[in-house]
Amino acid sequence: MDFTELIDLASERLGGAVLVANDDFFAAKENLLKPSAPIFIEGKYTDRGKWMDGWESRRRRTPGFDWCIIRLGLPGIVRGIVVDTSYFRGNYPEHCSLEGATFSGLPTDAELTSEDVQWIPLLPQMPLAGDSKNPFPINYEERITHLRFKIYPDGGVARLRVHGEVTPDWDQLKRAGGQIDLAAAENGALVLTCSDMFFGHRHNLIMPGRAADMSDGWETKRRRGPGHDWTIIKLGRPGQIHRVEVDTSHFKGNFPESCLLESCNFERANTEALSDLSVKWSTVLPRTKLQAHTRHFFDEELLDTGVASHVRFSIFPDGGVSRLRVYGTFD
């Protein structure tokens, strides 16, 4: 799988934050993790210079480099990053590098910037192109909680995307007891594939919290032929499904007529294998009518299909769903 298809572990919407930077004179460090694509506004200036949608340091007049420290919204294994220098043409950094560290709890700024921190090299100093999306794969197999992003010698970066695999603290979740959302991004779930996502990205389906608006859900284009739309989700951990929520909030004239949820226990499957017609899917929630702008909860309607590693969520014939929650227990 292309690493950009994985969850953005540093996303602001998942709790990611730029905690500290040595310099953000021209443009605030917080812009680096905005979920929206960067924009450019012709003729817009502040009292410090041209307004830019990104993180931008002043022109360096001494040796060295600029840096910022990022707390990942969801700790995990980093598979790759995208350094987006959109609209930074004469003021982008010449190079960048990335380091990682794993902390327990919430370290202070002083602890993060201490010389005692053992930062692990994830990406050596690499050249950047201006006004471009610069992708870099990462080859490191351990869990990371914080990053130190360096730019050489100075300049501006519009966005930093940190794609990877979420690694929850399963021992802590087990100690908490009860049911958890096995299909939640924060619990390691991943939407592997879908039939269509023209209006809204498939990953929105498993994001935390309620959707802000229609753009914050999964929405397909209008179907003009036979068939229906669907998506396949790898659960964060195999488990027994006990309760399901299908939330169509904000979808009023474009909600699906009905939905169907199926499961399988196929732990080593890849995306292609799960899309094969030979895979046996068992019905968890039979095809059920949906309503507009509504949170639908199902428990007694669910069929016992045993332990599930993946679910296939089908909507008929098309439309939008804000969130899918699959609550269950695991061993």
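# Exercises on a predicted model

A search of the whole structure, which is a predicted model, finds 0 disulfides.

## Exercise 1: Cysteines

Find the cysteine sulfur that is nearest to that of Cys96, decide whether Cys96 is in a disulfide, and then do likewise for Cys194.

**Solution.** We begin by recalling that a disulfide is a covalent bond between the sulfur atoms of two cysteines. For a pair of sulfur atoms to count here, they must lie within 2.5 Å. The cysteine sulfur nearest to that of Cys96 belongs to Cys68 and is 11 Å away, and Cys96 is in no disulfide. Turning to Cys194, we find that its nearest cysteine sulfur, that of Cys259, is 16 Å away, and Cys194 is likewise in no disulfide. As a last step we look at accessibility: Cys96 has a relative accessible area of 0% and is therefore buried, while Cys194, at 15% relative accessibility, also counts as buried, because the cut-off for buried is under 20%.

## Exercise 2: The largest pocket

Describe the largest pocket by its volume, by the residues closest to its centre, and by the classes of residue in its lining.

**Solution.** The volume of the largest pocket comes to about 720 Å³. Its lining is made up of 25 residues, and those closest to the centre are Asp8, Pro35, Arg161, His163 and His201. When the lining is sorted by class, it has 9 nonpolar, 8 polar and 8 charged residues. We can also ask which strands supply at least two residues of this lining, and the strands that do so are strand 1 (7-8), strand 6 (66-84) and strand 12 (159-166).

## Exercise 3: Lys289 and its contacts

Place Lys289 in its strand, decide whether Lys289 is buried or exposed, and list the residues that it touches beyond those up to four places away in sequence.

**Solution.** Lys289 belongs to strand 18, which covers residues 282-289. With a relative accessibility of 60%, Lys289 counts as exposed, because exposed means over 50%. Setting aside residues up to four places away in sequence, we find that Lys289 touches Glu257 and Ser258. With Glu257 the link can be described in more detail, since the side chains of Lys289 and Glu257 are joined by a polar contact of 2.9 Å. As for Thr4, it is 285 residues from Lys289 in sequence, and their C-alpha atoms are 34 Å apart in space.

## Exercise 4: Backbone angles

Locate the cis peptide bonds that precede Pro153 and Pro317, and then examine the phi values of His250 and His293.

**Solution.** As background, most residues other than glycine have a negative phi, and most peptide bonds are trans. A cis peptide bond links Tyr152 to Pro153, with omega at about -10 degrees, and Pro153 sits in the loop between strand 10 (144-152) and strand 11 (156-157). Another cis peptide bond links Phe316 to Pro317, where omega is about -15 degrees, and Pro317 sits in the loop between strand 20 (307-316) and strand 21 (320-321).

For the phi values, we take His250 to start with: it is not a glycine, and yet its phi is positive, at about 80 degrees. His250 lies in the loop between strand 16 (229-247) and strand 17 (258-264), and at 26% relative accessibility it counts as partly exposed. His293 also has a positive phi, near 50 degrees, and is found in the loop between strand 18 and strand 19 (295-298). With a relative accessible area of 39%, His293 is partly exposed.

## Exercise 5: Neighbours in space

Compare positions along the chain with distances in space for Gly16 and Leu72 and for Trp67 and Cys96, and then describe the surroundings of Asp229.

**Solution.** Gly16 and Leu72 are 56 residues apart along the chain, and their C-alpha atoms are separated by 4.7 Å. Gly16 is in the loop between strand 1 and strand 2 (17-21), and at 9% relative accessibility it counts as buried. The residues Gly16 touches, apart from those up to four places away in sequence, are Ala10, Ser11, Leu33, Arg71, Leu72 and Gly73.

Trp67, in strand 6, is 29 residues from Cys96 along the chain, with 9.4 Å between their C-alpha atoms. At 22% relative accessibility, Trp67 counts as partly exposed, and among the residues it touches are Val20, Trp55 and Phe149.

Asp229, finally, has its place in strand 16 and counts as buried at 3% relative accessibility. Beyond its neighbours within four places in sequence, its contacts include Ser195, Lys221, Arg223 and Pro317.

Note on methods. Residues are numbered from 1 along each chain as its sequence is written. This is a predicted model: local features need pLDDT of at least 70, side-chain atom pairs count only at pLDDT 80 or more; totals for chains, interfaces and linings use all residues. Side-chain values use heavy atoms; hydrogens and water are left out. Buried means under 20% relative accessible area, exposed over 50%, partly exposed in between (1.4 Å probe, protein chains only). On a 1 Å grid over the protein atoms alone, a cavity is a set of points where a 1.4 Å probe fits but cannot get out, and a pocket is an open set with protein on both sides within 12 Å along at least five of seven lines; lining residues have an atom within 4 Å of a point. Grid points are joined across faces, edges and corners, and a volume is the space filled by probe spheres set on the points. Helices (H or I, at least four residues) and strands (E, at least two) are DSSP runs, numbered from the N terminus. Ala, Val, Leu, Ile, Met, Phe, Trp, Tyr, Cys and Pro count as nonpolar, Asp, Glu, Lys and Arg as charged, and the others, Gly among them, as polar. Contact means heavy atoms within 4.5 Å. A polar contact is a pair of N or O atoms within 3.5 Å; within protein, one must be able to donate a hydrogen and the other to accept it, and residues adjacent in sequence count only if both atoms are side-chain atoms.
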